[in-house]
Amino acid sequence: MSLQATPGLLWLWQIVPFQTLAVFLGLFLLISDVMKRRRPRNFPPGPLPLPFLGNLLYIDVKRPHIAVEKLAEKYGNIFSTQMGSMTFVIVNGFQLVKEVLVHQGDDFLDRPQFPIIHEFFKTFGLIMSNGHSWKQQRRFALSTLRNFGLGKRSLEERILQESRYLTEAFEEEKGQPFDPHFKINNAISNIICSITFGDRFEYHDSQFQKLLRLIDENMYLQGSIWNQLYNAFPTLMKWIPGPHHTIFKNWGKLKCFVREIIAKHKEDWNPSETRDFIDCYLTEMAKADTDYSFHEENLVFSTLDLFFAGTETTSTTIRWALLYMATNPEIQERVQAEIDTVIGQSRQPTLGDRDNMPYTNAVVHEVQRISNILPFSVPRMATRDTTLAGYQVPKGTVLIFNLTSVLFDKNEWETPHTFNPKHFLENGQFKKRDTFLPFSAGKRGCLGEQLARTELFLFFTTLLQKFTFQAPKDVKLSLEYRMGITLHPLPYQICAVSR
Ligand code: HEM
Ligand SMILES: *[C@@H]1O[C@H](CO)[C@@H](O)[C@H](O)[C@H]1NC(C)=O
């Protein structure tokens, strides 16, 4: 077919001037681009996409989640937008978000394969996998986390011990200004490390500190414009130098680290005495009737997923918590007063104290609400053709959940933009709120929610039992954020003054 067509085209080449041919070629590409973008009838509304670029230019490079605001204002709770050749549907507001995540949850269980993530993670592990493999890996990870102490005393003790180490590391600073960032990351990471690798890492272990910095850098880079450009034009961007190549390099190093630990586990693996997640996984792989999804690559990526998801999110939240305490001294004092009454100074806090500490519990929730660290959660994809709020949504459509619209909804929260623990209090008692969705919800909601909540309460109370957090002399602490995959505070120095 093409052999016959070629001479015909050559002939055309000879008689048609180059410019005309170029114009026709351009038109052809344009039309095929427009055809590719065709949406079904009754698709959620959105701005007219520009050829080749989609709505890329609507996105503010520095603050992408604020810039689309105008679209939300114009189109309401559900609308579509395009970046490069990808179409997204953006979902706003508690009612609709909940509808999609929970009631229609089964229609939106999958993750989309964004080029930049797919290139490295493929569909392995927990976060980026789909279908059968995801179901098996998630079930196994949840039950293994439970065996290693979720909801049991052993895990609680591990967290308490780690928070003692963190307190000691803060004490070394003697109340002088310091940046607590990587001490916090190390302490928090040690909890998931001890569950998955069976080990914790010293805060001055420079190799481990380097890994923590790689995770941090990737969380930042993957929220940048480079990430969006790569996703929109993957083939082109592969050839263009830029920070997006660092992303792959960093993930590669982190994967190497996990691989080495797995190799060591294989050497001294004893199926009758499983020490941690990796041991359990090796045992599962060795079973005669094991599911086919339990293989080496899934082991590596599930471990890597737990490692970075269990590190970055919770540490970022604790970093915000210290900032909010230092900038709201009267609230910090009330937390400390509650700690002094319920726990005192002679023993460490326990999870059992949480029910007797409504104010502290409310403060931890309010920190999570206002710091809104995953403003767009993690994207989902329609598993089948479906309808949503009366619109047609075909299989494969990417959905983005705007958690900001839930956590800052002015009809739900008295003072959405002001730090206010009263959001979670009623007559002095802790009040649960349906609209508190920082972990998302439904079958694909955060797998580490219970672990994260345990860590947040215990680390926070232990730190405030021992220290008062203050801005360094003559410094005004900033609550501005930096956008990455997570919204995190700008680098800051703080004083941890012993009580
Ligand atoms: C403050 C702490 C945390 C926050 C705010 C948070 C938030 C989230 C959110 C919003 C999602 C997306 C869920 C969805 O698509 O509906 C998620 C997924 C996930 N989180 Fe967390 N998370 C936190 C801590 C953790 C921890 C400590 C772990 C470690 C065990 C963890 C492991 C995961 C995993 C593995 C997924 C993917 C689940 C799946 O795709 O099935 N997270 N998290
Ligand atoms: C997300 O929600 C916030 C708060 O309601 C809103 O200001 C913003 O425009 C929304 N963003 C998108 C992309 O819908």
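The following exercises, each with a worked solution, concern a predicted model.

Because the model is predicted, local features require pLDDT of at least 70 and side-chain atom pairs pLDDT 80 or more, whereas totals for chains, interfaces and linings use all residues. Residues are numbered from 1 along each chain as its sequence is written, chains are lettered from A and ligands numbered from 1 in the order in which they are written, and side-chain values use heavy atoms, with hydrogens and water left out.

**Exercise 1. The shell around ligand 1**

Task: State how many residues surround ligand 1, and describe the shell by residue class, by helix and by polar contact.

Solution.
1. The shell holds 27 residues, a residue being near the ligand if one of its heavy atoms lies within 4 Å of it. The closest are Arg111, Arg138, Arg380, Ser440 and Cys446.
2. By class, the shell contains 14 nonpolar, nine polar and four charged residues. Here Ala, Val, Leu, Ile, Met, Phe, Trp, Tyr, Cys and Pro count as nonpolar, Asp, Glu, Lys and Arg as charged, and the others, Gly among them, as polar.
3. Helix 7 (131–147) and helix 15 (296–327) each contribute at least two residues, and helix 15 gives the largest share, six residues. Helices (H or I, at least four residues) and strands (E, at least two) are DSSP runs, numbered from the N terminus.
4. An oxygen atom of ligand 1 lies 2.8 Å from a polar side-chain atom of Trp134. The distance is also 2.8 Å for an N or O atom in the side chain of Arg138, and 2.8 Å for a polar side-chain atom of Arg444. A polar contact is a pair of N or O atoms within 3.5 Å; within protein, one must be able to donate a hydrogen and the other to accept it, and residues adjacent in sequence count only if both atoms are side-chain atoms.

**Exercise 2. The faces of helix 16**

Task: Compare the span of helix 16 with its expected value, and determine which residues of the helix are buried.

Solution.
1. Helix 16 comprises the 14 residues 329–342, for which 1.5 Å a residue gives an expected span of 20 Å; the end C-alpha atoms are 20 Å apart, which agrees. The expected span is 1.5 Å times one less than the number of residues.
2. The buried residues are Ile331, Gln332, Val335, Gln336, Glu338 and Ile339. Seen down the helix axis, these buried residues fall within an arc of 155 degrees, so they line one face of helix 16; the arc is that of the directions from the helix axis to the C-beta atoms. Buried means under 20% relative accessible area, exposed over 50%, and partly exposed in between (1.4 Å probe, protein chains only).
3. Glu333, Arg334 and Thr341 are exposed on the other side of the helix.
4. The cover over the buried residues includes helix 15, helix 17, helix 19 (449–466) and strand 9 (467–470).
5. Gly344, with a positive phi near 80 degrees, follows the helix.

**Exercise 3. Ser371 and Asn372**

Task: Locate Ser371 and Asn372, and describe their surroundings.

Solution.
1. Ser371 belongs to helix 17 (residues 358–371) and counts as buried because its relative accessibility is 3%.
2. Its side chain reaches the backbone oxygen of Val367 at 2.5 Å. Apart from residues up to four places away in sequence, Ser371 touches Trp320 and Leu487, contact meaning heavy atoms within 4.5 Å.
3. Asn372 lies in the loop between helix 17 and strand 3 (380–381). Its phi is positive, near 45 degrees, in a residue other than glycine, and Asn372 is buried at a relative accessible area of 5%.

**Exercise 4. Two buried helix residues**

Task: Which polar partners do the side chains of Asp279 and Thr196 have?

Solution.
1. Asp279 is part of helix 14 (residues 277–286) and is buried at 0% relative accessibility.
2. The side chain of Asp279 makes a polar contact of 2.6 Å with that of Arg275. Beyond its neighbours within four places in sequence, Asp279 is in contact with His265, Trp269, Glu273 and Thr274.
3. Thr196, in helix 9 (residues 181–196), is likewise buried, at 0% relative accessibility.
4. A polar atom of the Thr196 side chain lies 2.7 Å from the backbone oxygen of Ile192. Not counting residues up to four places away in sequence, Thr196 touches Asp276, Phe277, Ile278, Thr303 and Leu306.
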